[in-house]
Amino acid sequence: MTQMEALDSLQEAVLDGEEELAAELAEQVLDMDVSPQRVLDVLSAAADDLGRRYESGEYFLPELFAGAEAMSAAVAKVLPVLEQSGGEHKGTVVIGTVEGDVHDIGKRIVVAMLSGAGFRVHDLETDVRASLFVDKVRELQPDIVAASAYLTTTSQRLPEISQALTEAGIRSEVMYLIGGAAVSREMIKSTGADGYGENAAEAVSVARKLVEQIRSKRS
Amino acid sequence: MIAHAELRNRIEDLVGRYERQVAQQEMSPLERAFKTWSFQEPDRLLGSFAVFSPLCLDIQEITTREYYTDPWAFYYIQALAVVEWGNETPLMYGDPYHVEIEAMGGEVKYPEHSIPHLGEPLLKEPGDLSSLKIPDPERDGRMPVLLEQSRMHHRYLGSMVFAPVSCCGPFSMAVGLRGYKNILKDIRKDPSFVHELLDFCCEVVKVYGGALRDTHNASPTMQEAWSCLPNVSPKVFHEFCLPYITRCVEALRNPTTGFAGTVFHGYGISLAPDWRSFLRTVCATGLSAIPLMEEDVHGLRGYGQMDVAEYKKICASQGVVVMSFLHTDTIIAGPPERIRQLVHDWFRAAGAGGGYTASTTWPVGALVEHMQAFIDAFRECRYPVEG
């Protein structure tokens with residue numbers, strides 16, 4: 001198999017949701033001396049394709065979820081090699097579901113899509129207190145804090161994260177992205193957020209813009 | 001926390017007030033519901049809203065945890081919603097996706113101020129299915145609590161207002177037992193296990209749903225969010241959801257009223273490649289009512305768009321009542337005029353001939369005037385429907 005054929009097969013494995021195969025193929029292409037950045041570019045294209053197919057109605061959640069899991073499995077093979085080679089990430093994201101909320105399917109898809117798109121993602125999992133987001137921002141200095149809520153009861157927690165960052169004096173150092181089933185675009189202002197992703201594909205494109213904004217602000 | 005004796009006093013006081021209120025109405029909400037569900041035109045539109053936490057009504061003296069575990073606390077809040085806010089279909093359930101799982105030994109966590117949630121999936125491996133037992137509704141987990149709530153309704157407000165009971169539908173129960181990620185893998189790698197699991201879930205639905213139905217002659221609403229698009233594809237729906245839902249709907253038919261089980265399976269119909277055909281297929285399961293979600297009408301959150309009048313026409317032709325639902329985003333965002341307008345517009349499009357209700361969920365933190373606009377609006381929608 002040529003490098004190009006292997007990369008095509010990797011992309012196809014992600015789109016088919018073949019988790020084990022995607023991980024194997026990622027290892028194979030790295031063994032063929034394809035640069036980790038090149039592999040991530042292919043995965044990023046696959047992430048965009050997954051998002052497009054979902055938005056167009058060709059894919060439903062099972063296909064998107066399986067694709068995201070396959071993407072995560074492949075990214076897990078690529079990231080250590082990328083780190084070793086000193087390659088750059090598109091940005092760093094700290095992500096979690098708000099306190100009191102344990103829904104994680106949507107967030108898992110967003111994590112996979114962001115990782116596939118070249119972001120370094122620190123997943124704090126579910127039921128995350130605002131104070132933990134603050135601690136992780138101090139520790140990891142990410143470009144973005146992303147929080148999701150899936151219940152109207154727990155969406156009330158979203159403003160707490162922005163407030164906690166403000167009280168810690170680090171709100172201006174990071175962008176705040178929100179999403180989830182109980183969250184809407186209209187809530188950007190009331191939650192003190194900088195952006196909203198209606199679905200995983202939009203979360204990735206908004207994240208790209210937010211990274212540009214925070215980096216130009218920093219420079 | 002409020003003592004049971006005090007809750008009992010408050011409930012009895014509410015019942016007395018409601019009897020006086022209903023006596024002054026043209027028709028009781030129960031009569032309104034019966035006419036609506038029989039495709040006759042009542043005096044006006046039947047309206048309801050779901051209350052999933054005491055915080056919705058700004059009640060601070062009962063925690064959400066108490067609400068979900070104490071039948072007195074739960075029923076008091078539902079009675080308040082009926083008597084003080086005019087809810088015409090109080091729900092005798094709050095977290096219908098957890099009750100059966102917990103009764104079979106699954107872990108459910110109860111946060112103080114949020115809705116309960118499931119712990120790790122009970123079925124770690126397909127082989128674990130053989131150790132599961134059909135729960136006893138009078139003994140296991142919170143099933144006795146849910147049965148008691150329903151019996152309380154029968155004692156207190158049941159002669160004046162209809163209150164649906166609810167159980168988890170077979171596919172959603174399978175997801176709860178196995179976990180979404182695992183069930184998707186099982187569908188790909190071990191479909192025969194998924195069918196075996198769904199057979200088991202159907203038996204649980206029949207036993208628990210039957211016990212709920214018999215508390216006050218009402219067929220349960222089967223909650224089936226996991227079997228809705230886009231959570232499953234149409235292909236998965238047809239093989240793994242539809243046959244089992246159909247089986248349960250018929251099994252829960254009420255011999256007294258003739259109504260079959262209702263299935264809370266509405267959202268996502270707009271995402272089907274041919275939504276009209278998909279809707280006809282869902283209606284053909286024999287269910288008595290189906291939701292029409294605002295996201296499917298206005299294309300919210302990536303959903304498609306369907307015509308309200310056409311949706312009603314298809315459902316009515318198969319004898320299925322349409323329960324329209326305004327999205328919580330709409331209730332949160334307002335303004336009151338828009339909420340009122342939507343209720344009126346949809347009533348004009350789909351209200352004629354009965355078989356149509358207006359609903360929403362009361363979102364925690366929503367402005368009271370937004371909810372009041374919804375309540376006022378359904379009360380203003382009188383039959384016959386004006387052009």
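Which residues does Leu177(A) touch, not counting residues up to four places away in sequence? Keep that one in mind for Exercise 1.

Some ground rules before you start. This is a predicted model, where local features need pLDDT of at least 70, side-chain atom pairs count only at pLDDT 80 or more, and totals for chains, interfaces and linings use all residues. Residues are numbered from 1 along each chain as its sequence is written, while chains are lettered from A and ligands numbered from 1 in the order in which they are written.

**Exercise 1. List the contacts of Leu177(A) and place this residue in the nonpolar core.**

Step 1. Get the criterion straight: two residues are in contact if their C-beta atoms, placed from the backbone, lie within 7 Å.

Step 2. Leaving out residues up to four places away in sequence, Leu177(A) touches Ile144(A), Ala146(A), Ala193(A), Asp194(A), Gly195(A), Gly197(A), Ala203(A), Val206(A), Ala207(A) and Leu210(A).

Step 3. Now the core. A nonpolar core is a set of buried Ala, Val, Leu, Ile, Met, Phe, Trp, Tyr and Cys residues joined through C-beta atoms within 7 Å. Buried means that 20 or more other C-beta atoms lie within 10 Å of the residue's own (12 or fewer is exposed, in between is partly exposed).

Step 4. The largest nonpolar core holds 210 residues, and those touching the most other members are Leu10(A), Met71(A), Ala74(A), Met113(A), Leu177(A), Ala207(A) and Phe374(B). The element giving the most to this core is α4(A), with 12 residues. Helices (H or I, at least four residues) and strands (E, at least two) are DSSP runs, numbered from the N terminus.

**Exercise 2. Work out the surroundings of strand β3 of chain A, residues 144-148.**

Step 1. Check burial: five of the five residues of β3(A) are buried, so the strand is largely enclosed by the rest of the structure.

Step 2. Sort the residues by direction. Ile144(A), Ala146(A) and Ser148(A) point one way, Val145(A) and Ala147(A) the other.

Step 3. Find the neighbours; strands pair if DSSP finds at least two bridges between them. β1(A), residues 91-97, pairs with β3(A) in the parallel sense over five bridges, and here Ile95(A) stands opposite Ala146(A).

Step 4. β4(A), residues 175-179, also pairs with β3(A) in the parallel sense over five bridges. Ser148(A) faces Gly179(A) there.

**Exercise 3. Do the same for strand β8 of chain B, residues 321-326.**

Step 1. Six of the six residues of β8(B) are buried.

Step 2. One side carries Val321(B), Met323(B) and Phe325(B), and the other carries Val322(B), Ser324(B) and Leu326(B), so to speak a covered strand on both faces.Step 3. β7(B), residues 289-293, pairs with β8(B) in the parallel sense over five bridges, with Met293(B) opposite Phe325(B).

Step 4. Five bridges also join β8(B) to β9(B), residues 356-361, and these strands run parallel. The bridge partner of Leu326(B) in β9(B) is Thr360(B).

**Exercise 4. Find the buried face of helix α11 of chain B, residues 275-283.**

Step 1. Pick out the buried residues: Trp275(B), Leu279(B) and Val282(B).

Step 2. Look down the axis of α11(B). The buried residues fall within an arc of 60 degrees, so they line one face of the helix. The arc is that of the directions from the helix axis to the C-beta atoms.

Step 3. See what they pack against: β7(B) and α13(B), the latter spanning 308-317.

**Exercise 5. Describe how the domains of each chain meet.**

Step 1. Take chain A, with bounds from an automatic or database domain assignment. Domain 1 is 1-88 and domain 2 is 89-219, and their C-alpha centres are 24 Å apart.

Step 2. In chain A, 16 residues of domain 1 are in contact with 13 residues of domain 2. On the domain 1 side, α3(A) (36-55) and α4(A) give two or more residues, and α3(A) gives the most, with eight.

Step 3. That side divides into 10 nonpolar, three polar and three charged residues. In this count, Ala, Val, Leu, Ile, Met, Phe, Trp, Tyr, Cys and Pro are nonpolar, Asp, Glu, Lys and Arg are charged, and the others, Gly among them, are polar.

Step 4. In chain B, domain 1 is 1-11 + 29-90 + 266-387, and domain 2 is 96-149 + 166-216 + 230-259. The C-alpha centres of these two domains lie 24 Å apart. The contact takes 21 residues from domain 1 and 19 from domain 2 of chain B.

**Exercise 6. Characterise the side of chain A that touches chain B.**

Step 1. Count the contact: 20 residues of chain A meet 24 residues of chain B.

Step 2. Two elements of chain A give two or more residues to this side, α4 (61-84) and α7 (152-155). With five residues, α4(A) gives the most.

Step 3. The side divides into eight nonpolar, eight polar and four charged residues.
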